Amino acid sequence: MRAVTVRDPDAGVGGLSLTDMPYPQAAENDVIVQVHAAGFTPGELDWPATWTDRAGRERTPSVPGHEVSGVVAKLGYGTTGFTVGQRVFGLTDWARNGSLAEYVAVEARNLAPLPADVDHTVAAALPISGLTSWQGLFDHARLLTGQTVLIHGVAGGVGSIAVQLAREAGARVIGTGRAADRETALGLGVNAFLDLQADQLEGAGEVDVVFDVIGGEILDRSAALVRAGGTLVTIAAPPKVHPKDGRALFFVVEPDRAQLTDLVQRLRDGRLKPVVGAVRPLSEAPAAFAPDRRTPGKTIIRVVEG
């Protein structure tokens, strides 16, 4: 099968290439998915799990990409709940080869059924962004109706879904980004938008929740915005600066079939719309990782046309 692989941790995005790989083998409770569309996270070449297996042993070549939408091609021993030919979507395992390939082996618990009326390209934009948004806002920050949440990177894959979920939950949303993101943010329904290059972050005032996807100085400065009893939650790095009278936490998204099912139903109902940016073929996936190729929303790799 064809797959995007990387062999050298020091090579960065320049080490990505489209190569031939052996067809994946299904372990116990695995599903082999024929990939129709896939998503990736630009920084995942820096993740330790990209280079090591679950036991911490080095593994190369490595196939990146952790969001998949496709069709069940084979079931591993003991796998239940799915049938060959069924449409599915979800998260691939962190410490195994990923979704930028024609086929991928995934633990069955990481997948959810995909209704026939949802396009694979759209479904591939949901798993990481949708689950991260849901878990950050509700499982970790415990966002409630009437509270105010500040969401950094509001035009990106995670931020755009987080805005929609927060607004439907009855929260007031302040979004941040670059000047070019303003119209996208307003279209998503933010109550206010801050240009991180021109506006003062402190102008946001006190908020109940900060949801950060940027890290660095922005994460550090955001701690002062959290009012007493509030929460700063980030997926970028463990916080170095904590709110004076609140919580600060870093988390890594977890697979959750029930949450995936809820997210895709919201999509079908028109209550949730992932912002899909560029859609590119598998052959262009290595170039899509390049820092100068960023587009608003989530870049999706289409593996099967049509």
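## Exercises on a predicted model

At 25% relative accessibility, Ala-26 counts as partly exposed. Keep that residue in view, and remember throughout that this is a predicted model.

**Exercise 1. Place Ala-26: in which loop is it, and which residues does it touch?**

Step 1. Start with the position in the chain: Ala-26 sits in the loop between E2 and E3.

Step 2. Check the exposure class. Buried means under 20% and exposed means over 50%, so the 25% of Ala-26 makes it partly exposed.

Step 3. List the contacts. Leaving aside residues up to four places away in sequence, Ala-26 touches Ile-32, Leu-75 and Gly-76.

Step 4. Now look further along the chain. Glu-107 is 81 residues from Ala-26 in sequence, yet their C-alpha atoms are 9.0 Å apart in space.

**Exercise 2. Find the backbone exceptions: where do Asn-29, Arg-142 and Pro-61 lie?**

Step 1. Begin with the usual case: most residues other than glycine have a negative phi, and most peptide bonds are trans.

Step 2. Asn-29 departs from this with a positive phi near 65 degrees. Asn-29 is in the loop between strand E2 (17-20) and E3, and with a relative accessible area of 39% it is partly exposed.

Step 3. Arg-142 also has a positive phi, near 55 degrees. Look for Arg-142 just after H2, in the loop between H2 and E8. Its relative accessibility is 53%, so Arg-142 counts as exposed.

Step 4. For the peptide bond, go to Thr-60 and Pro-61, which are joined in cis with omega at about -5 degrees. Pro-61 belongs to the loop between strand E3 (30-39) and strand E4 (67-75).

**Exercise 3. Describe how H2 packs on H3: at what angle do the axes cross, and which residues meet?**

Step 1. Two packed helices are described by the angle between their axes and the distance between the axes.

Step 2. For helix H2 (residues 127-140) and helix H3 (residues 157-168), the axes come within 8 Å and cross at roughly 50 degrees. That angle makes H2 oblique to H3, and the crossing is right-handed.

Step 3. Turn to the side of H2 that faces H3. Ser-129, Gly-130, Thr-132, Ser-133, Trp-134, Leu-137 and Phe-138 in H2 meet a set in H3 made up of Gly-157, Val-158, Ile-161, Ala-162, Leu-165 and Ala-166. By class, this contact has eight nonpolar, five polar and no charged residues.

Step 4. Ask how enclosed H2 is. Of its 14 residues, 11 are buried, so H2 is largely enclosed by the rest of the structure. Among the buried ones are Pro-127, Leu-131 and Gln-135.

**Exercise 4. Map the largest nonpolar core: which residues touch the most other members, and which element gives the most?**

Step 1. Recall the background: in soluble globular proteins, nonpolar side chains tend to be buried together.

Step 2. The largest nonpolar core has 39 residues, and Phe-89, Leu-126, Leu-137, Val-149 and Phe-211 touch the most other members.

Step 3. Trace where the core comes from. Elements that each supply at least two residues include strand E5 (87-91), H2, strand E8 (148-151), helix H4 (182-188) and helix H6 (257-269). H3 gives the most, with six residues.

Step 4. Zoom in on Val-149. Beyond its neighbours up to four places away in sequence, Val-149 touches Leu-137, Leu-143, Ala-166, Ala-171, Arg-172, Val-173, Ile-174 and Val-209.

Step 5. Finish with a second, separate core of 29 residues, which includes Val-4, Val-31, Val-63 and Phe-82.

Technical notes: Residues numbered from 1 in each chain as written. Predicted model: local features only at pLDDT ≥ 70, side-chain atom pairs only at ≥ 80, totals over all residues. Heavy atoms only, no water. Axes fitted to C-alpha atoms, helices over the stretch in contact; angles between N-to-C directions. Helix = DSSP H or I, 4+ residues; strand = E, 2+ residues; numbered from the N terminus. Parallel < 35°, antiparallel > 145°, perpendicular 65-115°, else oblique. Left-handed = near helix turned anticlockwise from the far one by under 90°. Contact = heavy atoms within 4.5 Å. Nonpolar A, V, L, I, M, F, W, Y, C, P; charged D, E, K, R; others polar. Core = buried A, V, L, I, M, F, W, Y, C linked by side-chain atoms within 4.5 Å. Buried < 20%, exposed > 50% of the residue type's maximum accessible area, 1.4 Å probe, protein only.
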